[in-house]
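Got the viewer open? Set it to show side chains, and we'll go from stop to stop.

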Amino acid sequence: QVHLVESGGGLVPPGDSLRLSCAASGRTFSSGYAVGWFRQAPGKEREFVATMTNWNANTKYADSVKGRFTIYRDNTENTIYLQMNNLKPEDTALYYCAIQTRKRGESNSELYDHGYDYWGQGTQVTVSS
């Protein structure tokens, strides 16, 4: 069993930055196939934000956050991070981290929420003046 806990959310004005953290217990992030961040705004479907595949540390981002958000991992702390810069009101959402522990046959499975096996409870990010 894997337990993920997100933190770092908050209320910030547009243009500000936040760093989200996701700490894992029960399994190391590096032993999985991919880690990811997703978000869900009120009344909307959960959407992909960023992912990192473990074997080559390759990263992918949603177009809406490319150039502003960075996903990275600290193996010593078994934590993944999402650095969010130049936040916009449309970034307001509940942010979730997830880990893919079972290899998928589907290509680009790390871009979809069904490609992940364990999820955290989420941390709220609100961008408002």
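Start by selecting Arg 39: at 4% relative accessibility this residue counts as buried. Keep in mind as you look around that the model is predicted. Arg 39 sits in strand 4, which covers residues 34-40.

Now add Glu 47 to the selection. Arg 39 and Glu 47 form a salt bridge, and their closest N and O atoms are 2.6 Å apart. Is Glu 47 tucked away like a buried residue, or partly exposed? Partly exposed: its relative accessible area is 37%.

Next, bring in Asp 91. Here is another salt bridge to Arg 39, with 2.9 Å between the closest N and O atoms. This pair links distant parts of the chain, since Asp 91 is in the loop between strand 8 and strand 9, 52 residues away from Arg 39 in strand 4. Both partners, Asp 91 and Arg 39, are buried. Leave these side chains on and add Arg 68 too: salt bridges with shared partners join Arg 39, Glu 47, Arg 68 and Asp 91 into one network.

Time for another pair. Select Arg 102 and Asp 117, which form a salt bridge with their closest N and O atoms 2.9 Å apart. Both residues lie in the loop between strand 9 and strand 10, so the salt bridge ties together parts that are 15 residues apart in sequence. If you want to hunt for the rest, a search of the whole structure finds 8 salt bridges.

Stay in that loop and click on Asn 108, which also lies between strand 9 and strand 10 (118-119). Look at the backbone here: phi of Asn 108 is near 60°, a positive value in a residue other than glycine. Most residues other than glycine have a negative phi. Asn 108 is partly exposed, at 36% relative accessible area.

Then jump to Asn 86, in the loop between strand 8 (79-84) and strand 9 (93-100). Asn 86 is not a glycine, yet it has a positive phi of about 50°. It is partly exposed, with a relative accessible area of 42%.

Last stop: the largest pocket. Which residues should you select to find its centre? Pick Thr 53, Trp 55, Gln 100, Lys 103 and Glu 110, which lie nearest the centre among the 17 residues of the lining. The volume of this pocket is about 250 Å³. Colour the lining by class and you should get 9 polar, 5 charged and 3 nonpolar residues.

Terms used. Residues are numbered from 1 along each chain as its sequence is written. This is a predicted model: local features need pLDDT of at least 70, side-chain atom pairs count only at pLDDT 80 or more; totals for chains, interfaces and linings use all residues. Side-chain values use heavy atoms; hydrogens and water are left out. On a 1 Å grid over the protein atoms alone, a cavity is a set of points where a 1.4 Å probe fits but cannot get out, and a pocket is an open set with protein on both sides within 12 Å along at least five of seven lines; lining residues have an atom within 4 Å of a point. Grid points are joined across faces, edges and corners, and a volume is the space filled by probe spheres set on the points. Ala, Val, Leu, Ile, Met, Phe, Trp, Tyr, Cys and Pro count as nonpolar, Asp, Glu, Lys and Arg as charged, and the others, Gly among them, as polar. Helices (H or I, at least four residues) and strands (E, at least two) are DSSP runs, numbered from the N terminus. Buried means under 20% relative accessible area, exposed over 50%, partly exposed in between (1.4 Å probe, protein chains only). A salt bridge is a side-chain nitrogen of Lys or Arg within 4 Å of a carboxyl oxygen of Asp or Glu.
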